[in-house]
There are 2 protein chains.
Amino acid sequence: MAYKSGALESLGALGDPTRREIFERLAAQPSAVVDLARGLPVSRPAVSQHLKVLKQAGLVREISQGTRRIYSLDPRGIGAMRRWLDSHWASALDAFRQFADQQHEEELDR
Amino acid sequence: MAYKSGALESLGALGDPTRREIFERLAAQPSAVVDLARGLPVSRPAVSQHLKVLKQAGLVREISQGTRRIYSLDPRGIGAMRRWLDSHWASALDAFRQFADQQHEEELDR
DNA sequence: CATCTTAGTAAGCCATGGCTTACCGTAAGC
DNA sequence: GCTTACGGTAAGCCATGGCTTACTAAGATG
């Protein structure tokens, strides 16, 4: 159950476009904060704040290398979102088929 | 290209908790606006506004039944998000393994 | 030990966006 | 045709949260 809310918190975190951009850059390669800030249209502290949110959402992890902190994606958080999405995707497909069948029956009823 | 940005737009749409709630209710069963509004802590127009966003994000579709509009999940939008997530999930796992290997090598170097 | 780099936090500003009420269009039921 | 139910849109309010600058901490480098 800690996982269910985890997936939802992750979605909340990825709601912000800057955080999505950071997320995609970390997918390309793990990076330090200062390197992420270069190439982004926001200041370094802003990046730190975003990383904090992403970390709390279980989407990134970080390791220290000297004064630098190397951030990378956390497969666990992404996995949780993936499972959440998959289950809803399945329901959506079910509902879609059900609806199609129903429409078909109504066609026949005429 | 409308679809690549589609996955990102979907994430933006699901960033709001009320929209996630609506999304989950629609996953359970397709519903009319007035029925969604009952049981949610917001007014009916608010629900309409959320549905508009979800629809633009390709996450829901609606059909008319008299004056009612029955909303349901759209598998296509969910599928797009799923693919986006899967690709990043793969990168995350790669990076994770790479990092683990690297750490292991450094262990051996001592 | 002094300095420089990296990064997290605090304080405060301000735009975004989510909410409400009010209004209008449209389909059904009597 | 009049009324009722449903739902989208407009206008406006206000809190949330994302951004900046300033400050502090901690490790590296000379």
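## Exercises on a predicted two-chain model with DNA

In chain A of this predicted model, pLDDT stays under 50 over residues 105–110, and the model has zero contacts for this stretch beyond four places in sequence. Keep that in mind as you work through the exercises.

**Exercise 1. Work out how confidence is spread over chain A, and say which helix scores lowest and which highest.**

Step 1: Start with the whole chain. The average pLDDT of chain A is 86, and 83% of its residues score at least 70.

Step 2: Now go element by element. Helix 1 (residues 2–13) of chain A is at the bottom with a mean of 73, while helix 4 of chain A is at the top with 98.

Step 3: Don't forget the tail. Residues 105–110 of chain A stay under 50.

**Exercise 2. Describe the build of chain A: how many helices and strands are there, and in what order do they come?**

Step 1: Count them up. Chain A has five helices and three strands.

Step 2: Read from the N terminus, and you get α-α-β-α-α-β-β-α.

Step 3: Check the packing. Of the 110 residues in chain A, 33% are buried.

Step 4: Look at how far contacts reach along the chain. Take the contacts in chain A between residues at least 6 apart in sequence: 53% of them join residues at least 24 apart.

**Exercise 3. Decide whether Gly58(A) is buried or exposed, and list what it touches.**

Step 1: Find the residue. Gly58(A) sits in the loop between helix 4 and strand 2 (60–65) of chain A.

Step 2: Count neighbours. The cut-off for buried is 20 or more other C-beta atoms within 10 Å. Gly58(A) has 21 C-beta neighbours inside 10 Å, so it counts as buried.

Step 3: List the partners. Leaving out residues up to four places away in sequence, Gly58(A) touches Gly6(A), Ser10(A), Asp74(A), Arg76(A), Gly77(A) and Ala80(A).

Step 4: Compare with Ser43(A). That residue is 15 places from Gly58(A) in sequence, and their C-alpha atoms are 23 Å apart in space.

**Exercise 4. Work out how chains A and B are related, and what chain B uses to touch chain A.**

Step 1: Superpose the copies. Chain B lands on chain A after a rotation of 180 degrees with 0.0 Å of shift along the axis, at an RMSD of 0.0 Å. The two copies are therefore related as by a two-fold rotation axis.

Step 2: Find the C-alpha of chain B nearest the axis. That one belongs to Gly15(B), 2.0 Å away from it.

Step 3: Count the contact. In all, 28 residues of chain B are in contact with 28 residues of chain A. Helix 1 (4–13), helix 2 (17–28), strand 3 (68–73) and helix 5 (75–109) of chain B each give at least two residues to this side. Helix 5 of chain B has the largest share, with 15 residues.

Step 4: Sort this side of chain B by class, and you find 17 nonpolar, six polar and five charged residues.

Step 5: Compare the two sides. The copies meet through the same surface, because 100% of the interface residues of chain B are also interface residues in chain A.

**Exercise 5. Find which residues are closest to DNA strand D and to DNA strand C.**

Step 1: Take DNA strand D. Of the 22 residues that surround it, the closest are Ser43(A), Gly66(A), Ala32(B), Val34(B) and Pro45(B).

Step 2: Turn to DNA strand C. It also has 22 residues around it, and the closest are Ala32(A), Val34(A), Pro45(A), Ser43(B) and Gly66(B).

Step 3: Sort by class. The surface near DNA strand C divides into nine nonpolar, nine polar and four charged residues.

How values were computed. Residues numbered from 1 in each chain as written. Chains lettered and ligands numbered in written order. Predicted model: local features only at pLDDT ≥ 70, side-chain atom pairs only at ≥ 80, totals over all residues. Contact = placed C-beta atoms within 7 Å. Helix = DSSP H or I, 4+ residues; strand = E, 2+ residues; numbered from the N terminus. Nonpolar A, V, L, I, M, F, W, Y, C, P; charged D, E, K, R; others polar. Near = placed C-beta within 6 Å. Least-squares fit on C-alpha atoms with pLDDT ≥ 70 in both. pLDDT = per-residue confidence, 0-100. Buried ≥ 20, exposed ≤ 12 C-beta atoms within 10 Å, placed from the backbone.
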